[in-house]
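Reader: I have just opened this one and would like to go through it slowly, a few residues at a time. Could you take my questions as they come?

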Amino acid sequence: MYVRVRYPGRAPLRRATSTRLLLHLRPVILVTERPRSAVRGEPVTIAGSVGPRKPVLRLVVQQQRGTRWRKVYSRSVRARRGLFETSFTPASSGRYRYYLVAPADLDTDRGATERYPLRVTNPA
């Protein structure tokens with residue numbers, strides 16, 4: 001986003017306009033509903049908000065295999081009026097983590113949440 005400062009001027013001072021300044025904004029993604037545990041085969045719901053408003057976010061889910069994290073799920077999430085809600089269903093038990101990404105565009109830089117842990121257990 002470009003910003004410019006303008007001074008309208010007064011009797012003794014002339015009006016003035018600054019040069020354009022490119023202002024880099026980074027979106028803030030706030031996850032309000034973030035589960036810490038889940039049961040295999042049942043949906044996990046994630047909800048929150050993003051500002052400045054972005055039409056599409058990206059959900060990334062990773063599963064721990066040994067000492068490495070492997071991406072097991074990724075999808076686009078629609079945000080309306082800055083609010084989003086999505087879900088995914090873990091296929092197996094284990095340690096997972098998930099995060100959301102707001103891709104860069106002309107007005108904003110890339111923004112992302114921290115990686116939230118999720119423990120998935122077998123059904124009782």
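Reader: Where is the place of R4?
Author: Keeping in mind that this is a predicted model, R4 sits in the loop that runs between β1 (2-3) and β2 (6-7).

Reader: And is R4 buried, exposed or partly exposed?
Author: R4 counts as partly exposed, because its relative accessible area is 39%, and the cut-offs put buried under 20% and exposed over 50%.

Reader: Which residues form the positive surface patch?
Author: That patch is made up of R4, R6, R15 and R20.

Reader: What about a nonpolar patch on the surface, which residues form that?
Author: M1, V3, L21 and L23 make up the nonpolar patch, and together they have about 320 Å² of accessible area. Of these residues, L23 is found in the loop between β4 (21-22) and β5 (28-33), and with a relative accessibility of 36% L23 is classed as partly exposed.

Reader: Changing topic, how many salt bridges does the count come to?
Author: The count comes to one salt bridge, and the side chains that meet in it are those of D105 and K54, at 2.9 Å from N to O. The pair ties together parts that are 51 residues apart in sequence, because D105 lies in the loop between β11 and β12 while K54 lies in the loop between β7 and β8.

Reader: Why can side chains like that pair at all?
Author: As a general matter, side chains that carry opposite charge can pair when their charged atoms come close.

Reader: Is K54 buried or exposed?
Author: K54 counts as buried, since its relative accessibility is 5% and the cut-off for buried is under 20%. Its partner D105, on the other hand, is partly exposed, with a relative accessible area of 42%.

Reader: Which side chain does T108 join in a polar contact of 2.8 Å?
Author: One such contact joins the side chain of T108 to that of K54 at 2.8 Å, and a polar contact of 2.8 Å also joins the side chains of T108 and D105. The side chains of K54 and D105 are themselves joined by a polar contact of 2.9 Å, so the three residues are linked pair by pair.

Reader: Where is T108 found, and is it buried or exposed?
Author: T108 is in the loop between β11 (94-102) and β12 (111-112), and with a relative accessible area of 6% T108 is buried.

Reader: Going back to the loop between β7 and β8, what kind of peptide bond runs from G51 to P52?
Author: The peptide bond from G51 to P52 is cis, with omega near -5°, and P52 has its place in the loop between β7 and β8, where K54 also lies, the strands being β7 (44-51) and β8 (56-65).

Reader: What is the phi of R81 about?
Author: R81 has a positive phi of about 55°, although R81 is not a glycine. This residue is placed in the loop between β9 (68-80) and β10 (83-88), and R81 is exposed, with a relative accessible area of 68%.

Reader: One last residue, then: where is L57, and is it buried or exposed?
Author: L57 is in strand β8, and L57 is buried, with a relative accessible area of 0%.

Reader: What separates the C-alpha atoms of L57 and R78?
Author: Those C-alpha atoms are separated by 6.4 Å, while L57 and R78 are 21 residues apart along the chain.

Note on methods
Residues numbered from 1 in each chain as written. Predicted model: local features only at pLDDT ≥ 70, side-chain atom pairs only at ≥ 80, totals over all residues. Heavy atoms only, no water. Patch = residues over 30% accessible without salt bridge, like charges linked within 9 Å, V, L, I, M, F, W, Y side chains within 5 Å. Areas by Shrake-Rupley, 256 points an atom, 1.4 Å probe, with all protein chains shown as cover. Salt bridge = Lys/Arg side-chain N within 4 Å of Asp/Glu carboxyl O. Lys, Arg positive; Asp, Glu negative; His and termini not counted. Charge placed at Lys NZ, Arg CZ, Asp CG, Glu CD. Helix = DSSP H or I, 4+ residues; strand = E, 2+ residues; numbered from the N terminus. Buried < 20%, exposed > 50% of the residue type's maximum accessible area, 1.4 Å probe, protein only. Polar contact = N/O pair within 3.5 Å; in protein donor to acceptor, adjacent residues only side chain to side chain.
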